[in-house]
Amino acid sequence: MINKQSVKKGILHPRNVHCGRYDLNTLCQASPQLTQYITTNPKDELTIDFSNADALRALNQALLLHFYHVNFWQIPAGYLCPPIPGRADYIHYLADLLAADTQGEIPKGKHIKVLDIGTGANCIYPILGSQIYNWSFVATDIDPLALKTAELIVKSNVNLQPYIKFRRQKNATSIFAGIIKPQDKFALTLCNPPFHASMAEALSGSTRKVNNLNKGRVKDKHIKLNFGGQNNELCCAGGEIAFLEQMCKESKNYATQVKWFTSLVSKSANIPLLKKQLTALDAKQIKIIEMSQGQKLSRLIAWRFI
């Protein structure tokens, strides 16, 4: 069975605390270092330069401190700095996915176990999921520095420690294999897969994004990724579709250990291909959930075999 759920562009999930404009005055009070990045726009409204990587990191630190009580959050230069409102939306839609099986009541607590594929140095999904719904997480990554950084974030915040554990994926050709143990049972898996086939493609996309943010005033073809990102965070051979096809194929081997497999899908053209593959793999249910990510629509795919 295939279901599709849609949302309007620009509308975040109704439970998302980040709906509307950022209250930059309040965020600066929570995290004074953000103040140095505050400017005013032509409407004389407070804003920050969203093409500035340092400003984005400072904004994230303020958001995590104010809304999620995360006192320490640092990532190495060049690593992915995620937009928190959109990441929180993924968590809220996953909660709705689980609630559909429990008469609309969102399951909360440590007994809800979630596997985060590619947690990165930022560890953002486990942070949000643990603090919003008290879910417990196994966070995985192939990059040892990313995992060490994520572990340091968790060790430095007592409110995160009971909820987040780590496992390193040592096999570059595997996603679930070597990570899901025979005794494991997960309510969910989640993933923000590498979108691009190469860093050149990623840099081209970032240049377009930054030019749009600056209304065409930025013309530097060698502009840096404003959101950061290492090669393995942004790219894989064959791009997003190759990664997700591998994920679907492997998921069949863990059909009885995971209630819902899920992933973000950046490119809408990949959805029909994934539906076809999952149907061939005998997935019992496939859901496509559209989400608003600022000025664009994103989507997640969810499937299960039981």
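Student: Which residue is joined to Thr-26 by a side-chain polar contact of 2.7 Å?
Tutor: This is a predicted model, numbered from 1 along each chain as its sequence is written, in which local features need pLDDT of at least 70, side-chain atom pairs count only at pLDDT 80 or more, and totals for chains, interfaces and linings use all residues. Side-chain values use heavy atoms, with hydrogens and water left out. A polar contact is a pair of N or O atoms within 3.5 Å; within protein, one must be able to donate a hydrogen and the other to accept it, and residues adjacent in sequence count only if both atoms are side-chain atoms. At 2.7 Å from the side chain of Thr-26, the partner is Asp-23.

Student: In which helix is Thr-26 placed?
Tutor: Helices (H or I, at least four residues) and strands (E, at least two) are DSSP runs, numbered from the N terminus. Thr-26 falls within the run of residues 24-30, which is helix α1.

Student: Is Thr-26 buried, partly exposed or exposed?
Tutor: Buried means under 20% relative accessible area, exposed over 50%, and partly exposed in between (1.4 Å probe, protein chains only). Because its relative accessibility is 25%, Thr-26 counts as partly exposed.

Student: How far apart in space are the C-alpha atoms of Thr-26 and Ala-62?
Tutor: In sequence, 36 residues separate Thr-26 and Ala-62. Their C-alpha to C-alpha distance is 9.2 Å.

Student: How many salt bridges does the structure hold?
Tutor: Side chains of opposite charge can pair when their charged atoms come close. The criterion is a side-chain nitrogen of Lys or Arg within 4 Å of a carboxyl oxygen of Asp or Glu. The number of such bridges in the structure is seven.

Student: Which residue forms a salt bridge with Glu-45?
Tutor: The N to O distance of this bridge is 3.8 Å, between Glu-45 and Arg-21. The pair links distant parts of the chain, 24 residues apart: Glu-45 is in the loop between β2 (38-40) and β3 (46-48), and Arg-21 in the loop between β1 (2-5) and α1. Glu-45 is partly exposed because its relative accessible area is 29%. At 55% relative accessibility, the exposed partner is Arg-21.

Student: Which residues form the network of salt bridges that includes Asp-101?
Tutor: One pair is Asp-101 with Arg-304, at 2.8 Å from N to O. It links distant parts of the chain, with Asp-101 in the loop between α3 and β4 and Arg-304 in strand β10 (residues 296-304), 203 residues apart. Asp-101 is partly exposed at 30%, whereas Arg-304 is buried at 11%. The linked residues are Asp-101, Lys-259 and Arg-304.

Student: What is the N to O distance in the salt bridge of Arg-167 and Asp-184?
Tutor: Arg-167 counts as partly exposed at 23% relative accessibility, and Asp-184 as buried at 10%. Their side chains meet in a salt bridge whose N to O distance is 2.7 Å.

Student: What distance separates the end C-alpha atoms of α3?
Tutor: The expected span of a helix is 1.5 Å times one less than its number of residues. For the 16 residues of α3 this gives 22 Å, so the end-to-end distance agrees with expectation at 23 Å.

Student: How many of the 16 residues of α3 are buried?
Tutor: This helix covers residues 84-99. It is mostly covered, with a buried count of 15.

Student: What is the phi of Gln-103?
Tutor: Gln-103 lies in the loop between α3 (84-99) and β4 (113-117). It is exposed, because its relative accessible area is 77%. Its phi is positive in a residue other than glycine, near 55°.

Student: What is the phi of Asn-134?
Tutor: Asn-134 is found in the loop between α4 (124-133) and β5 (136-141). With a relative accessible area of 32%, Asn-134 is partly exposed. Although Asn-134 is not a glycine, its phi is positive, at about 60°.

Student: With which residues is Ser-251 in contact, leaving aside neighbours within four places in sequence?
Tutor: Ser-251 lies in helix α8 (residues 239-251) and is buried, since its relative accessible area is 0%. Contact means heavy atoms within 4.5 Å. The residues in contact with Ser-251 are Phe-176, Phe-261, Trp-303 and Phe-305.

Student: What share of the 306 residues is buried?
Tutor: The protein has nine helices and 10 strands. Of its contacts with a separation of 6 or more, 71% are between residues 24 or more positions apart. The buried share of the 306 residues is 53%.
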